Amino acid sequence: MSYVLSCCSPADLSKEQFDARDIHYICFHYFLDGKAYLDDLGQSLTHEEFYARMAAGADTSTSQISISEYVDYFSEFCEKGQDILHVTLSSGISGTINSAQNAALIVRERYPQRKIYIIDSLAASGGYGLLMDGAADRRDEGMSIEECAKWIEENRLKLHHWFFSTDLSFFVKGGRISKTAAVFGGLLQICPLMNVDYQGRLVPRFKVRTKKKVIRECVRQMELHARDGLRYDGKCLITMSACMPDARAVADLIEAEFPRLNGKVVINSIGNLIGSHTGPGTVALFFWGDERVD
């Protein structure tokens, strides 16, 4: 195609999945005990080692992509005569869209003949990944860059994100849950079920006691919101942070209750950028459904 489909690394697809769909990506940055790393899909530091070090008490922080990095990244494609459709991590989570838009202004001046579209995904992790996968389908079907951009904007709120964590300490650190709530939650075995709202923000929705019940409730939300209900025939993606048995439990329930799924449930690791905020013990479920309105 004459245009490049691009996103940021926290779409949490694997390198193999990005390559197979011909989706380009630019990497965020994170810090582990003060040392800087690229969020490069676990290539410079594996997800397993990252979460093991977090569990052992390592300190983490993140930083977004600079304008100059975006300029260099976009310029490489423009020099090859390619237009760019770049979809950013949700503006409800990160300000990276501002850097991408400012960089696009600079690059358009240098390459006035090139088209550069910057779109807010209003999504994160596997929801972001499924959105990019859907966009790749449309590109491969022959949609122009304008048509594909319009499709993304019209469908981005139809991606559902439902997730829970068995360790709330990292959500406390990130300001998502109060310390008091986390303490009482731990004593009462409460696992908050959260989702991403229509503005792309992470929002606690339900307080569920015990991990077994929150797994069931997570699947129930898919029953309620999936396109065509139990007849859902789209793709389903789960991301998890060092808790494969919990992710597998969710996937097994979904595969049993949604017999028309497009393939098996795919389980990926939550990338080290998103994982810096969730910590180990988080399971996130993503699927296509009704439009998010709150």
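**Briefing: a buried aspartate and two open sheets**

Let's start with one residue: Asp246 is buried, because its relative accessible area is 11% and the cut-off for buried is under 20%. This is a predicted model, so everything below describes computed coordinates. The chain has 294 residues, and 55% of them count as buried. Its secondary structure comes to 11 helices and 13 strands. The radius of gyration is 19 Å, close to the 19 Å from the globule rule for 294 residues, so the chain is as compact as a globular protein of that length.

**Asp246 and its surroundings**

- You'll find Asp246 in helix α10, which covers residues 244–257.
- Which side chain does the side chain of Asp246 make a polar contact with? The partner is the side chain of Lys211, at 3.1 Å.
- Setting aside neighbours within four places in sequence, Asp246 is in contact with Thr166, Lys211, Ile215 and Val283.
- One of those contacts, Ile215, is itself a buried residue of helix α9.

**Helix α9**

- Helix α9 takes in residues 211–225. With 15 residues at 1.5 Å each, α9 should span 21 Å, and its end C-alpha atoms are indeed 21 Å apart, so the two figures agree.
- Which residues of α9 are buried? They are Val214, Ile215, Glu217, Cys218, Val219, Gln221 and Met222.
- Those buried residues pack against one helix, α10 (244–257), and also against the strands β8 (159–165), β9 (190–196), β10 (202–209), β11 (236–240) and β13 (282–288).

**The six-stranded sheet**

- Here 6 strands make an open sheet with mixed pairing, and the order runs β10-β9-β8-β13-β11-β12.
- At the edges sit β10 and β12 (266–269), each pairing on one side only.
- From one strand to the next, the twist averages 20°.
- Inside this sheet, β8 and β13 run antiparallel and are joined by 7 bridges. To place one of them, look at Leu159, whose bridge partner in β13 is Trp288.
- Helix α5 (residues 125–140) lies across β8, β11 and β13. Its direction is at about 30° to β13.

**The four-stranded sheet**

- The other sheet to look at is open too, with 4 strands in parallel pairing and the order β2-β1-β6-β7.
- Why do β2 (24–26) and β7 (116–120) each have one side without a neighbour in the sheet? They stand at the edges with a single partner strand each, so one side is left without a neighbour.
- The twist in this sheet averages 25° from one strand to the next.
- Strand β6 (residues 83–88) pairs with β7 in the parallel sense, over 5 bridges. If you want a spot to zoom in on, Thr88 has Asp120 in β7 as its bridge partner.
- Helix α6 (residues 145–155) packs on this sheet and touches β1 (3–8), β6 and β7. The direction of α6 makes about 10° with that of β6.

**The chain as a whole**

- Along its principal axes, the C-alpha trace spans about 60 × 50 × 30 Å.
- How much of the contact count comes from residues 24 or more positions apart? Among contacts with a separation of 6 or more, such pairs account for 75%.

Conventions:
Residues are numbered from 1 along each chain as its sequence is written. This is a predicted model: local features need pLDDT of at least 70, side-chain atom pairs count only at pLDDT 80 or more; totals for chains, interfaces and linings use all residues. Side-chain values use heavy atoms; hydrogens and water are left out. Helices (H or I, at least four residues) and strands (E, at least two) are DSSP runs, numbered from the N terminus. The expected span of a helix is 1.5 Å times one less than its number of residues. Buried means under 20% relative accessible area, exposed over 50%, partly exposed in between (1.4 Å probe, protein chains only). Contact means heavy atoms within 4.5 Å. A polar contact is a pair of N or O atoms within 3.5 Å; within protein, one must be able to donate a hydrogen and the other to accept it, and residues adjacent in sequence count only if both atoms are side-chain atoms. Two strands pair if DSSP finds at least two bridges between them. Axes are lines fitted to C-alpha atoms, for helices over the stretch in contact, and angles run from 0 to 180 degrees between N-to-C directions. The radius of gyration is taken over C-alpha atoms; the globule rule is 2.2 Å times the number of residues to the power 0.38.
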